[in-house]
Amino acid sequence: MSELDIPGLDVSGRVRARDIQMAAVADVRRRVLMISGAVDAIDHDVSMSLHLPEPGRWQVIKSETNLTDQTWTAMQVTTDDDTYFVDGGDAMIMSRQFSRTFLTPDLRRLTFHDGEVRPGEAVLKVFELECSTRKPTYAHARYSAAPTDTPEQVAAAVEQMVADGMPNRPVIEMLIPVTVIG
């Protein structure tokens, strides 16, 4: 009997090869949190909970692959009540795929826009978080235009989302394992 003939071992009906789990590495000495992986959810936002080695300021470097069949034309990150984005000074907020960012005055919502992430491409985002607890949670939302939308309609929709935030959608909650180094 081969390994795949063992009852319960064959997961081909439950797990798809294209599902990639998120994982993180926290470099305590440099205060850097590197997160990678992918999520193929189209109609859901993704809420990520982390267990950090200590609270405080962390630079987040996040790479996520677009496994959907839609092009993302804007991305939004929102924080929980115990976490906020760091702005100004030496804080870096950027994305290789999006040329513009918008951070709300309360430092709780960050929107990346004026760019795109096509299916199969990875997006790289860099930002800094100030976490008052060791267990911060933040959520990612993505905007994809309808195939029939004109460039003007897409621009107007993105402008509205930058001003008001993306509409609430159902949320997939993920606990991201964190490996500590340094």
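## A helix across four strands

Helix H1, which covers residues 151-164, lies across the strands S5, S8, S9 and S11, and its direction makes an angle of about 160 degrees with that of S9. This arrangement belongs to a predicted model, and every value given here is computed from it.

## The chain as a whole

The chain contains one helix and 13 strands. Read from the N terminus, its elements follow the order β-β-β-β-β-β-β-β-β-β-β-α-β-β, and the α in that series stands for the one helix of the chain.

The chain has 182 residues, of which 40% count as buried. Among the contacts in the chain with a separation of 6 or more, 76% are made by residues 24 or more positions apart. The exposed area of the chain is about 10000 Å², and carbon and sulfur atoms supply 53% of that area.

## The open sheet of six strands

Six strands form an open sheet with mixed pairing, in the order S8-S9-S5-S11-S3-S12. At its edges are strand S8 (98-103) and strand S12 (171-176), each of which pairs on one side only. With direction ignored, neighbouring strands of this sheet are turned against each other by 20 degrees on average.

Within this order, strand S5 (residues 72-79) and strand S11 (residues 137-143) run antiparallel and are joined by six bridges. Valine 77 has histidine 140 of S11 standing opposite, and histidine 140 also takes part in a side-chain contact with lysine 125, described further below.

## Strand S10 and its partners

Strands of a sheet pair through backbone hydrogen bonds, either parallel or antiparallel. Strand S10 spans residues 122-131, and it pairs in the antiparallel sense with strand S4 (residues 56-66) over ten bridges. In that pairing, threonine 65 stands opposite alanine 122 of S10.

Strand S6 (residues 83-85) also runs antiparallel to S10, and three bridges join the two; here phenylalanine 85 has leucine 129 of S10 as its bridge partner. Strand S7 pairs with S10 as well, in the antiparallel sense and over two bridges. How many of the ten residues of S10 are buried? Seven of them are, so S10 is largely enclosed by the rest of the structure.

## Lysine 125 and serine 95

Lysine 125 is part of strand S10, and serine 95 of strand S7 (residues 94-95) stands opposite this lysine. Is lysine 125 buried or exposed? Lysine 125 counts as buried because its relative accessibility is 0%, where buried means under 20%. The side chain of lysine 125 makes a polar contact with the side chain of histidine 140, at 3.1 Å. When residues up to four places away in sequence are not counted, lysine 125 touches Val60, Ile61, Lys62, Glu64, Met75, Met94, Ser95, Phe112 and His140.

Serine 95 also counts as buried, with a relative accessibility of 8%. Its side chain reaches the backbone oxygen of leucine 124 at 2.9 Å, while the backbone nitrogen of glutamine 97 lies 3.3 Å from a polar atom of the side chain of serine 95. Leaving aside neighbours within four places in sequence, serine 95 is in contact with Phe112, Val123, Leu124 and Lys125, and Phe112 is also one of the residues that lysine 125 touches.

## Two residues with a positive phi

Most residues other than glycine have a negative phi. Where in the chain does arginine 31 lie? Arginine 31 is in the loop between strand S1 (23-27) and strand S2 (32-39), and its phi is positive, near 60 degrees, although the residue is not a glycine.

Aspartate 114, likewise not a glycine, has a positive phi of about 65 degrees. Aspartate 114 has its place in strand S9 (residues 109-117), which is one of the strands of the open sheet and one of those that helix H1 lies across. With a relative accessible area of 46%, aspartate 114 is partly exposed, because that value falls between the 20% under which a residue is buried and the 50% over which a residue is exposed.

Conventions: Residues numbered from 1 in each chain as written. Predicted model: local features only at pLDDT ≥ 70, side-chain atom pairs only at ≥ 80, totals over all residues. Heavy atoms only, no water. Buried < 20%, exposed > 50% of the residue type's maximum accessible area, 1.4 Å probe, protein only. Polar contact = N/O pair within 3.5 Å; in protein donor to acceptor, adjacent residues only side chain to side chain. Contact = heavy atoms within 4.5 Å. Areas by Shrake-Rupley, 256 points an atom, 1.4 Å probe, with all protein chains shown as cover. Pairing = 2+ DSSP bridges. Axes fitted to C-alpha atoms, helices over the stretch in contact; angles between N-to-C directions.
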